[in-house]
Amino acid sequence: MSFTERDIPDLSGKTAIVTGATGGLGFETARMLAEHGARVILAGRNADKGASALNRIRAKASAANIEFELVDLGSLASIAAFGSRMRAAGTPIDILVNNAGVMTPPTRKTTSDGFELQFGTNHLGHFALTGELLPLLTAARAPRVVTISSGAAHIGKIDFDNLQSEQAYRPMRSYGASKLSNLLFARELQRRSDLQGWNLLSATAHPGFAQTDLIANGPGTMTGFAGIGSALLENFASHDATGGAIPTVLVATAPYVQKLDYYGPSKMMEMRGPPKPARFPRRAKDDDVARRLWEVSEKLTGVTYAAQKALA
């Protein structure tokens, strides 16, 4: 199939929120949405990087309708404050891109709420954020929630006895579990939307091997054989951040996207190239695990989904 920036439809009148939008995949996603007419809220945890991102987009599209909002996906208090500000503004959200992520810090780290950093940021943070924004999503005509996973989800496993990697922390295994959690979240979100009449389209994408600062933001670098392998792959099996963001933008905007679709690159074992329907990990189709993970996430975050939550 073929989908490029030229295929993005006119998004005038739509409002999009992109997390982790101050750099890498999130920045490219926000830029493309803004250049095609959407009002885009760049959500990130660093105000200086936010200002820089706004300037970079405006340098390419002077009429872009963009703004920055401070939110740290590793802090439930920050997420709640952001959600409160958005609900007070009352603007329906047409597109929510759950993109922000942390990858493979070499030692176990935690969020401000004490969650293992990767699981807490990549999954729990976006679980809480989507719940906070649900009233604004359901107020839109045809809202989409796009959750970004990774090829690493294929090695992920949900261990309810060790969700926080307290018993044994292995960076890539924990990352894979967080990315599998993203797919299970999207699946259960769609099931609950259909049951409750929220009218959401929940779908997913992955970027393949994109050249971004994701690992460095872990914080950390890959060492040993993993580092050598990553460096070698980058030379011939990766693409730039724009290429990595294309599957996300396709899922966020293409008129033919269906519920629970999953898109990723088409070449080099889904590491680079034009987008195509991606291969689902077998564990990402387990409805019982998806439901249990949702229930555990509610307890851990204290966020329950209610479309009628006060908009003020």
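What share of the 312 residues of the protein count as buried? In this predicted model, the proportion that counts as buried comes to 54%, and the accessible surface of the protein amounts to about 13,200 Å², with 50% of that area belonging to carbon and sulfur atoms. The secondary structure consists of eight helices and eight strands. Among the contacts in the protein with a separation of 6 or more, 77% are made by residues that lie 24 or more positions apart.

The packing of two of the helices can be described in some detail. Helix α4, which spans residues 117–138, packs against helix α8, residues 287–301, at an angle of about 90 degrees and with 10 Å between the two axes; because angles of 65 to 115 degrees count as roughly perpendicular, α4 and α8 are assigned to that class. On the α4 side the contact is formed by Phe119, His123, Leu124, Phe127 and Ala128, which meet Leu293, Trp294, Ser297, Glu298, Leu300 and Thr301 of α8. Divided by character, the residues of this contact comprise seven that are nonpolar, three that are polar and one that is charged.

Trp294 of α8, which takes part in the contact with α4, is also in contact with Arg192, a residue of helix α5 (residues 171–196). Arg192 has a relative accessibility of 19% and therefore counts as buried, the cut-off being under 20%. Within its surroundings, the side chain of Arg192 is joined to that of Glu188 by a polar contact of 2.8 Å, while beyond the neighbours within four places in sequence Arg192 is in contact with Trp198 and Glu295 as well as Trp294.

Conventions. Residues are numbered from 1 along each chain as its sequence is written. This is a predicted model: local features need pLDDT of at least 70, side-chain atom pairs count only at pLDDT 80 or more; totals for chains, interfaces and linings use all residues. Side-chain values use heavy atoms; hydrogens and water are left out. Helices (H or I, at least four residues) and strands (E, at least two) are DSSP runs, numbered from the N terminus. Buried means under 20% relative accessible area, exposed over 50%, partly exposed in between (1.4 Å probe, protein chains only). Contact means heavy atoms within 4.5 Å. Accessible areas come from the Shrake-Rupley method with a 1.4 Å probe; for residues, only the protein chains shown count as cover. A polar contact is a pair of N or O atoms within 3.5 Å; within protein, one must be able to donate a hydrogen and the other to accept it, and residues adjacent in sequence count only if both atoms are side-chain atoms. Axes are lines fitted to C-alpha atoms, for helices over the stretch in contact, and angles run from 0 to 180 degrees between N-to-C directions. Angles under 35 degrees count as roughly parallel, over 145 as roughly antiparallel, 65 to 115 as roughly perpendicular and the rest as oblique. Ala, Val, Leu, Ile, Met, Phe, Trp, Tyr, Cys and Pro count as nonpolar, Asp, Glu, Lys and Arg as charged, and the others, Gly among them, as polar.
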